[in-house]
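Take a walk through this structure with the model open beside the text. The tour goes from one loop to the helices around it, then inward, then further along the chain.

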Amino acid sequence: MSTSLSAPFKALNRLGLIPQIVIGILCGIAVATLSPELATSVSLLGQVFISALKAVAPVLVFVLVMAAIAGHQRGQPTQIHSVLVLYLIGTLVAALVAVVASFALPTELTLNTAQASGNPPGGVIEILRNLLLSAVANPVSALMNANFIAILVWAVSLGLVLRSASAATKGMIEDLSQAVSSLVRWVIRLAPLGIFGLVAGTLAEAGIGALLEYAQLLSVIVGCMLFVALVTNPLIVFLATRQNPYPLVFSCLRGSAITAFFTRSSAANIPVNLELCKRLKLDEDTYSISIPLGATINMSGAAITISVMTLATAHTLGISVDFVTALLLCVVSALAACGVSGVAGGSLLLIPMAASLFGISADVAMQVVAIGFVISVVQDSTETALNSSTDVLFTAAASRRGELSD
C-alpha cells in the first residue's frame, strides 16, 4: 500500500522543479476557483515559504560575499568592474525605456484606494542620507531587519580583512558558505508547495478582477520589462561581446527568471544563479561576488516600476512633464532602484520619492503605492525575474568580454 502511494510522489520528484511549480500553480487556481475557503487556509503554505526565504536571504548574502572576497587570491583577475558598469548601464536604460513607454502610452489611475502605510523618503538627498546611515548599521540588526546595504558593507569589509587569515579559517568560511547555500536550496525545493499556497490565497483574496482593473498599468510595466529583457539587454550584451546574445539571454531567462518570478526575491534566487553560472562555465572568482552583489544593487525592474507608476500619477493629475524632467526621473529611478534590497515589494515605497519631483504630495503618492500592492502579484514577480536573470546575463557578458580581450 505504501509503495503504491509513494509511486506518484517519486514520479513527481523526477519531473524537476519547474514542472512541479507549474503543477502547483494549476492546483492553486483550481482550489481558489472551487473552494475559496480552502484556498484561504492553504495560503499559510505560501506565507511560510516566503517567510523562510526572507529569513535565510540576509544570511546567504552576508556569508557568500564574505567567503568570496576572503578566498580571492591577490593578483588573480576578475571582471567585477565590467559587471558593475553593465549593471549601471542596464538600470539607466531600463528607466529610460519606462519613461518613453509612459509618454507613448499615458495611463490614468483611479486614486481612491485606501492609503498604504509606510515612510517613503522625501527626496534624493534624503535617500542618499538613508543609504549612508544604512551602510553603517549594526551588523546584527542588519541581518535581523534584512538591511542588505549594511550586510553588503560588512561582508565586503570582513572579507577584505580575512584575506590574510589562515587557510583553516578560510576553509571554515567556505564550508559555512556551502552550508548556507545548501539550506537555501532546501527551501527552494519547497517552492511548488509554497507557490500553490501563494496562488490559491492571492486569487481567493483579491480575485482576477483586482488585476483587470489596472490592466493598462500592468501592461505598460510588464511590456517595458519584456522589452528590456528581449531587446535592450541583448543589445547591451552584443555591444559588450560582439556575439549573438540570444542563446545566452534565453539560457538566463530559462535558468533564472522562472524561479525568481515565483520566489519574488533576488536574494533568495542567488543559489539558482550561482548554479547557472557554474553550468555556463563562468569564472567563479567573478560570479561568486557579482551575483550576491547584483541581488542587492542591480534593479532594472525596480527602475521601470518607479518610473511608470510615477509618470502615471503625474498624467492622472494633469501635471505636464517636460523631457528634461523625465530624464532626471530616469537618473532618480536608477539611483533609487540601486538602494532597493532584493526582497519582494522593495521598489514600491520609493515611488513617493520620485513623485516628489513633480510636486505630488505624499498622501497621493501613497495611494499609488497601495495600487502597487494590488498589482504586485504580477508586477513584483516580473520585476524580480528581470532583476535576477540580468545578474547572470551581465556577469556572463563581462566574463566573455574579458576572454575576448585576453
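**From a loop to its helices**

Start with Arg242, which sits in the loop between α11 and α12. The model is a predicted one. Arg242 is not a glycine, yet its phi is positive, at about 60°. Most residues other than glycine have a negative phi. Arg242 is also exposed, because its relative accessible area is 60%, and the cut-off for exposed is over 50%.

Now look at the helices on either side of this loop. Leu226, Phe227, Leu230, Val231, Tyr246 and Phe250 make a nonpolar surface patch of about 510 Å². The elements that give the patch two or more residues are α11 and α12. Of these, α11 gives the most, with four residues. An α-helix has 3.6 residues a turn, so residues three or four places apart point the same way. Take Leu230 as one member of the patch. Leu230 lies in helix α11. It is partly exposed, because its relative accessible area is 35%, which falls between the 20% limit for buried and the 50% limit for exposed.

Next, go inside. How many cavities of 30 Å³ or more does the count give? There are two. The second largest holds about 50 Å³ of space. Its lining is made by Ala229, Asn233, Val249, Cys252, Leu253, Leu386, Ser389, Thr390 and Leu393. Three helices each supply at least two of these residues: α11 (215-241), α12 (246-263) and α18 (362-405). So α11 and α12 take part in the lining of this cavity as well as in the surface patch, if we follow the definition of the helices. The largest share of the lining comes from α18, with four residues. What is the character of the lining residues, nonpolar, polar or charged? Six are nonpolar, three are polar and none is charged.

Move along the chain to helix α13, residues 270-279. Seven of its 10 residues are buried, so the rest of the structure largely encloses this helix. The buried ones are Ile270, Pro271, Val272, Asn273, Leu274, Leu276 and Cys277.

Just after α13 comes Lys281, with a positive phi of about 60°. Here again the residue is one other than glycine. Lys281 is found in the loop between α13 and α14 (284-297). Is Lys281 buried or exposed? It is exposed, because its relative accessible area is 72%.

Past that loop, find Leu293 in helix α14. Leu293 counts as buried, because its relative accessibility is 13%, and buried means under 20%. Which residue from another part of the sequence can be paired with Leu293? Val65 is 228 residues away in sequence, but the two are 7.7 Å apart in space, C-alpha to C-alpha.

A second pair of this kind involves Val161, in helix α7 (residues 148-161). Val161 and Ala70 are 91 residues apart in sequence. In space they are 7.5 Å apart, C-alpha to C-alpha. Val161 is exposed, because its relative accessible area is 58%, whereas Leu293 is buried.

Conventions: Residues are numbered from 1 along each chain as its sequence is written. This is a predicted model: local features need pLDDT of at least 70, side-chain atom pairs count only at pLDDT 80 or more; totals for chains, interfaces and linings use all residues. Side-chain values use heavy atoms; hydrogens and water are left out. On a 1 Å grid over the protein atoms alone, a cavity is a set of points where a 1.4 Å probe fits but cannot get out, and a pocket is an open set with protein on both sides within 12 Å along at least five of seven lines; lining residues have an atom within 4 Å of a point. Grid points are joined across faces, edges and corners, and a volume is the space filled by probe spheres set on the points. Ala, Val, Leu, Ile, Met, Phe, Trp, Tyr, Cys and Pro count as nonpolar, Asp, Glu, Lys and Arg as charged, and the others, Gly among them, as polar. Patches are made of residues with over 30% relative accessible area and no salt bridge: like charges are joined within 9 Å, nonpolar side chains (Val, Leu, Ile, Met, Phe, Trp, Tyr) within 5 Å. Accessible areas come from the Shrake-Rupley method with a 1.4 Å probe; for residues, only the protein chains shown count as cover. A salt bridge is a side-chain nitrogen of Lys or Arg within 4 Å of a carboxyl oxygen of Asp or Glu. Buried means under 20% relative accessible area, exposed over 50%, partly exposed in between (1.4 Å probe, protein chains only).
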